[in-house]
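I set out to record how the strands of this structure are arranged and what surrounds them. The entries below follow the order in which I looked things up.

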Amino acid sequence: MSDLHQIAPLIPKDQFMRVPEVAHLAIGGEAPMLHSHLAAINDFFALKSNGFHGREVEIMAQLQQTRERAGKLLGVAAAEIAFLNSASEGLGQLVNGLCWQTGDNVVVEDIEFPSSLYHWTRFADQGVEVRIVRQDPGPATLDKLAAAVDSRTRVITTSQVSYLTGRRYDLAALRAIADQHDALLSIDATHAAGVVPVQAEYADILVSSCYKFLLATHGAAIFYRNPQRLGDLPPQTVGWHSVAPGHSVANPTAHTLAPTAARYEAGNPPFMALALLNNALATLEDLDIARIEQHVLALGSILWPALAARGLTLLTPQAPADRAANICFAWPDPATLVSRLAAENVLVWGGDGRIRVSFHAYNDSSDIDRLLTALDKLLPTTQ
């Protein structure tokens, strides 16, 4: 690779586990762990060992700091951020919180993550239609999606960045389509948050897993509900954490829902997972998301033509504005190639007839070199 294409990591590789030894290009499936997470967990254990004060004062202060950092990342108020156990749970808040009518429809793409497909099928016996938009690989055009929306569309549900093709949508453009038909917009930002800007205010709800590009772990997910358009969305479970203070034994069932998004947190949020998220968000804050976006797009601009030159069929748009951190190419037996690349110390994801290469701030041009070298070694025997 020429000196013109040498790209250094934004975060030193040695701040992560495994990253110095391998070309870790699989963060779209699982993030490598920051070494600093070990200290974050130790700090959490110390707070938890401080009894009631440790939880109600110190851990709750850390929770608020995490909300503020997540809100800053998504461009919304901290009060509108809730932390649930998974992105799927967040989608369920919308799916189960709406009053469905016979003839309503939901518009979703065939390339959407399963959680965004399965949820809606539960209402088929009520006459709710799930409209599947078939998307071909290529530029991130919204034409097909828009054509499927009509006056009976209750929800448009999609990912800002596709986990299967890597295409990226403009959230303002999606908002315009939804507004034209008075539909709700549900966004999964799992493959966007942490690597490209996410303007959550354009969505009615927005969810994101935290164990991928947000550099945290399982058990916690971000849930945003737009207070202007869905302020009356009822929580699907109600517990002591989702109501305003003031429980009284004299009137034990009386309660008022919290005015903030905390109303969707029925019990204690997943504090330990959020301690790691707080540490991860602090790491991302030190860089600025626009700088990370520029970094991953630059790496993708090197890899995309290199893969095309090897005769591979790219499933991700080439234009930087239409993609984010994922570059996907077709492959007939992805499991075998993933295994053989892993034997060469190159980690990628494979499934559904494709290989996905994912970049983050710790990647550099040497990771591309290692991937291409391994592919050149394997291509004659695996194609």
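**Entry 1: strand β3 and its neighbours.** I began with β3 and β4, which pair in the parallel sense over 5 bridges. The model I am reading is a predicted one. Within this pair I found Val106 opposite Val130 in β4. I then turned to β5 (residues 153–159), which runs parallel to β3 and is joined to it by 4 bridges. Here the bridge partner of Val107 is Ile156 in β5. I noted for reference that strands of a sheet pair through backbone hydrogen bonds, either parallel or antiparallel.

**Entry 2: the surroundings of β3.** Are the residues on the two faces of β3 buried or exposed? I looked at each side in turn. Asn105, Val107 and Glu109 lie on one side and Val106 and Val108 on the other, and all are buried, so both faces of β3 are covered. Because 5 of the 5 residues of β3 (residues 105–109) are buried, I recorded this strand as largely enclosed by the rest of the structure.

**Entry 3: the sheet of 7 strands.** I next asked in what order the strands of this open sheet stand. The order is β2-β8-β7-β6-β5-β3-β4, and the pairing is mixed. Its edge strands are β2 (81–84) and β4 (129–133), each of which pairs on one side only. Direction ignored, neighbouring strands of the sheet are turned by 20° against each other on average.

**Entry 4: the β2 edge.** I compared this end of the sheet with my first entry. β2 pairs with β8 (residues 221–225) in the antiparallel sense, over 4 bridges, whereas β3 and β4 pair in the parallel sense. Two bridge partners in β8 were noted: Ile222 for Phe83, and Ala221 for Leu84. I also followed the directions of the residues in β2. Ile81 and Phe83 point one way, Ala82 and Leu84 point the other way, and all are buried. Which helix packs on the sheet here? I found α2 (residues 51–74), which touches β2, β7 (205–209) and β8. The direction of α2 makes about 115° with that of β2.

**Entry 5: the sheet of 3 strands.** I then looked up a second open sheet, with the order β9-β12-β11 and antiparallel pairing. The edge strands are β9 (326–330) and β11 (349–351), each pairing on one side only. From one strand to the next, the twist averages 20°. β11 and β12 (residues 354–358) pair over 3 bridges in the antiparallel sense, and Gly351 stands opposite Arg354 in β12. Helix α9 (residues 289–309) lies across β9 and β12 and runs at about 10° to β9.

**Entry 6: cysteines.** Lastly, I asked how many disulfides the structure holds. The number is 0. I reminded myself that a disulfide is a covalent bond between the sulfur atoms of two cysteines. I also looked up the exposure of two cysteines. Cys99 has a relative accessible area of 60%, so this residue counts as exposed. Cys210 has 0% relative accessibility and therefore counts as buried. The cut-offs I applied were over 50% for exposed and under 20% for buried.

Notes: Residues numbered from 1 in each chain as written. Predicted model: local features only at pLDDT ≥ 70, side-chain atom pairs only at ≥ 80, totals over all residues. Heavy atoms only, no water. Pairing = 2+ DSSP bridges. Axes fitted to C-alpha atoms, helices over the stretch in contact; angles between N-to-C directions. Contact = heavy atoms within 4.5 Å. Buried < 20%, exposed > 50% of the residue type's maximum accessible area, 1.4 Å probe, protein only. Disulfide = S-S within 2.5 Å.
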